[in-house]
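Reader: I'd like a close look at one spot in this protein, and then how the rest of the fold sits around it. Could you walk me through it in plain words?

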Amino acid sequence: MTKSSSRVYIGMHGSPTHLDHQRIVAALLDNTYKQVSVVLTGKRQDKPDYCAPAHRVAMAQLTFSPVWLSQFKGKCELDTRDVFNANTPTIELLESEQTAHPGKEIIFVVGMDLVSSRQEY
């Protein structure tokens with residue numbers, strides 16, 4: 001499967017979003033992935049003390065502003081479908097996206113806080 005036929009999803013809580021998130025998106029798009037969706041997670045019991053959903057959306061909209069996104073000509077989107085609701089399990093999101101985009105390779109990018117056992121994450 002070629003990179004141009006792949007769809008990349010970056011799941012994040014976004015509390016806060018920051019410039020490294022921008023750099024990750026830019027690197028993925030610079031490597032010819034056709035579409036990158038930044039997916040803000042819904043409410044998570046493992047992160048109860050993080051800021052309110054409306055504040056996470058506002059931070060993400062500043063980090064991934066329309067001006068910043070315009071350089072990618074519609075190849076990147078901010079997905080807030082879950083942010084005010086319970087978190088959709090990743091497998092359900094990926095199955096839904098595979099159904100919506102048959103034949104496309106689905107790539108899901110996660111942060112170190114999900115794969116590291118370090119206490120500070």
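Reader: Here's the spot I have in mind: is T63 buried or exposed?

Author: Happy to. Keep in mind that this is a predicted model. T63 comes out as buried, because its relative accessible area is 10%, and the cut-off for that label is under 20%. You'll find T63 in helix α2, which covers residues 53-63. Leaving aside residues up to four places away in sequence, T63 touches T17, H18, Q22 and W68.

How far can you trust that region? Helix α2 is where the confidence is highest in the protein, with a mean pLDDT of 94. At the other end of the scale sits helix α5 (residues 112-115), where confidence is lowest, at a mean of 68. Where pLDDT is low, the predicted coordinates should not be read in detail. For the protein as a whole, the mean is 85, and 89% of the residues reach 70 or more.

Now for a loop with something odd in it. P16 is in the loop that links β1 and α1 (19-30). The peptide bond running from S15 to P16 is cis, with omega near 5 degrees. That's worth a second glance, since most peptide bonds are trans.

There's another backbone oddity at K73, which is in the loop between α3 (66-70) and β3. Phi there is near 50 degrees, a positive value even though K73 isn't a glycine. Most residues other than glycine have a negative phi. Unlike the buried T63, K73 counts as exposed because its relative accessibility is 73%.

On to the sheet. The sheet is open and has 4 strands, in the order β3-β2-β1-β4, with parallel pairing. β3 (76-79) and β4 (105-109) are the edge strands; each has a single partner, so one side of each has no neighbour in the sheet. From one strand to the next, the twist averages 20 degrees.

Take a look at the β1 and β4 pair. β1 (residues 6-12) runs parallel to β4, and 5 bridges join the two. Within that pair, Y9 stands opposite F108 of β4. Helix α4 (residues 90-100) packs on the sheet, where α4 touches β1, β2 (35-40) and β4. The direction of α4 makes about 150 degrees with that of β4.

So, back to your spot: T63 is buried, and the helix that holds T63 is the part with the highest confidence.

Key. Residues are numbered from 1 along each chain as its sequence is written. This is a predicted model: local features need pLDDT of at least 70, side-chain atom pairs count only at pLDDT 80 or more; totals for chains, interfaces and linings use all residues. Side-chain values use heavy atoms; hydrogens and water are left out. Two strands pair if DSSP finds at least two bridges between them. Axes are lines fitted to C-alpha atoms, for helices over the stretch in contact, and angles run from 0 to 180 degrees between N-to-C directions. Contact means heavy atoms within 4.5 Å. Buried means under 20% relative accessible area, exposed over 50%, partly exposed in between (1.4 Å probe, protein chains only). pLDDT is the predictor's confidence in each residue, from 0 to 100.
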